[in-house]
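Okay, thanks for making time, everyone. I'll put the structure up and then walk through a few spots in it.

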Amino acid sequence: MEMMFHLLFPDVCVICGSLLSGSERYCCTACISGFDRFRSPSEAEEVLRHAIATRFSEKFFFDRGCSLFWFHKDNPLQKALHAMKYDGLFTIGTVFGQQLGRWMLQSDIPGDLDCIVPVPLHYLKKVERSFNQAEKIAEGIGKTIRKPVRPELLKRIRYTESQTSLPAPLRRKNPAGAFQAGKSSMPRNILLVDDVITTGATMAAAASALRAAGADRVLLASVALAAKE
Ligand SMILES: [Zn+2]
């Protein structure tokens, strides 16, 4: 229903419903100003590095990375991400991806990157939602930094429950072993992309599957990074 609404009336903010003006797309300026954005690509990278080194359940080697926003419960960003995921507004993902791509260019991340791999959904979940939001974000990044998006390099082999519906201890264990590399030969330097990094366990599991199949460096990108609970 909501999706129909947006198709018929595309010029309203997906967060507050007010009419968009001029250059605004999907979210109004007032709502966007409520997002908790990192001040710069280097601040985002530092926060991501620190989070993975200190507070995530699974420590893993982390080379470079980029995030745009802090993720807080009840922040307007949560509504925008929700609309992207469940209301079929996947072009929001492409817009976030383009912003991520611009930040990466500023911080010289593309360098010797070979390709971009979105964290995959299980095919049953993809049937349910009809698209993978991480793939849309990856496409936005790819267009901006001019690198190919290769979803076929990683598969989700286990259907995992939605992370947020599980109690914290289960959530952490949940994604381990859920991924497997595809059959193509694995490039050396890969950018792994997801919408939100919460416990870091999904990224860790996906990165380890890519490494096991021959990737040398796995770089990370997400639209948002969950603030410490
Ligand atoms: Zn708004």
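So, this is a predicted model, keep that in mind throughout. Let me start with helix 7. Of its 13 residues, 11 are buried, so the helix is largely enclosed by the rest of the structure. The buried ones include Ile137, Ala138, Gly140, Ile141 and Ile145. Charged residues are on that list too, among them Glu135 and Lys136.

What about the geometry of that helix? Helix 7 covers residues 133-145, and at 1.5 Å a residue it should span 18 Å; the end C-alpha atoms are 19 Å apart, which agrees. Now the two ends. At the start of helix 7, asparagine 132 has a side-chain oxygen that comes within 2.9 Å of the backbone nitrogen of alanine 134. After the helix comes arginine 146, with a positive phi near 55°.

Staying in helix 7, there's a salt bridge between lysine 136 and glutamate 139, with 3.7 Å between the closest N and O atoms. The two residues are three apart in the helix, which means they are separated by about one helical turn. The general point is that an α-helix has 3.6 residues a turn, so residues three or four places apart point the same way. On accessibility, lysine 136 counts as buried, with a relative accessible area of 18%; since the cut-off for buried is under 20%, you may want to look at that one yourselves. Its partner glutamate 139 is partly exposed at 29%.

How many salt bridges does the structure hold? Eight. I'll pick out a couple more. Arginine 64 pairs with glutamate 45, and there the closest N and O atoms are 2.7 Å apart. That pair links distant parts of the chain, 19 residues apart: arginine 64 sits in the loop between helix 3 (41-54) and strand 2 (65-71), while glutamate 45 is in helix 3. Arginine 64 is partly exposed, at 22% relative accessibility, whereas glutamate 45 is buried at 9%. There's also a network here: Glu45, Arg49 and Arg64 are linked by salt bridges.

The other one I'd show you is glutamate 43 with arginine 39, where the closest N and O atoms are 2.8 Å apart. Arginine 39 is exposed, with a relative accessible area of 72%, and glutamate 43 is partly exposed at 22%.

Okay, on to the metal. Which residues hold the zinc ion? The protein donors are the SG atoms of Cys13, Cys16, Cys28 and Cys31, lying 2.3 Å from the zinc. Along the sequence, the donor residues follow the spacing C-x2-C-x11-C-x2-C. Cysteine 16 is in the loop between helix 1 (2-8) and helix 2 (29-32), and cysteine 31 is in helix 2, so that pair ties together parts 15 residues apart in sequence. As for the angles, the four donor atoms around the zinc ion subtend 104 to 117°, which makes the arrangement tetrahedral.

Are those cysteines buried or exposed? It's mixed: cysteine 13 is buried at 1% and cysteine 31 is buried at 11%, but cysteine 16 is partly exposed at 44%.

With that many cysteines around, where are the disulfides? A search of the whole structure finds zero. Take cysteine 27, which is not in the list of zinc donors. Its closest cysteine sulfur is the one in cysteine 13, and at 5.3 Å that is too far for a bond. Cysteine 27 is itself buried, with a relative accessible area of 6%.

Right beside it in the numbering is a backbone oddity. Tyrosine 26 isn't a glycine, yet it has a positive phi of about 70°. It's located in the loop between helix 1 and helix 2. For context, most residues other than glycine have a negative phi. Another case is aspartate 108, also not a glycine, with a positive phi of about 65°. Aspartate 108 is in the loop between helix 5 (91-106) and strand 3 (115-118), and it counts as exposed, at 59% relative accessibility.

Last stop, leucine 210, in helix 9 (residues 201-212). This leucine is buried, with 0% relative accessibility. The C-alpha of leucine 210 is 9.1 Å from that of glycine 182, and the two residues are 28 apart along the chain.

That's my tour; happy to rotate the view to any of these spots.

Terms used: Residues are numbered from 1 along each chain as its sequence is written. This is a predicted model: local features need pLDDT of at least 70, side-chain atom pairs count only at pLDDT 80 or more; totals for chains, interfaces and linings use all residues. Side-chain values use heavy atoms; hydrogens and water are left out. Donors are N, O and S atoms within 2.8 Å of the metal (3.2 Å for Na, K and Ca); water is not among the atoms, so sites may look incomplete. Four donors count as tetrahedral if all angles lie between 85 and 135 degrees; four count as square planar and six as octahedral if opposite donors are over 155 degrees apart and all others between 65 and 115; anything else is irregular. Helices (H or I, at least four residues) and strands (E, at least two) are DSSP runs, numbered from the N terminus. Buried means under 20% relative accessible area, exposed over 50%, partly exposed in between (1.4 Å probe, protein chains only). The expected span of a helix is 1.5 Å times one less than its number of residues. A polar contact is a pair of N or O atoms within 3.5 Å; within protein, one must be able to donate a hydrogen and the other to accept it, and residues adjacent in sequence count only if both atoms are side-chain atoms. A disulfide is a pair of cysteine sulfur atoms within 2.5 Å. A salt bridge is a side-chain nitrogen of Lys or Arg within 4 Å of a carboxyl oxygen of Asp or Glu.
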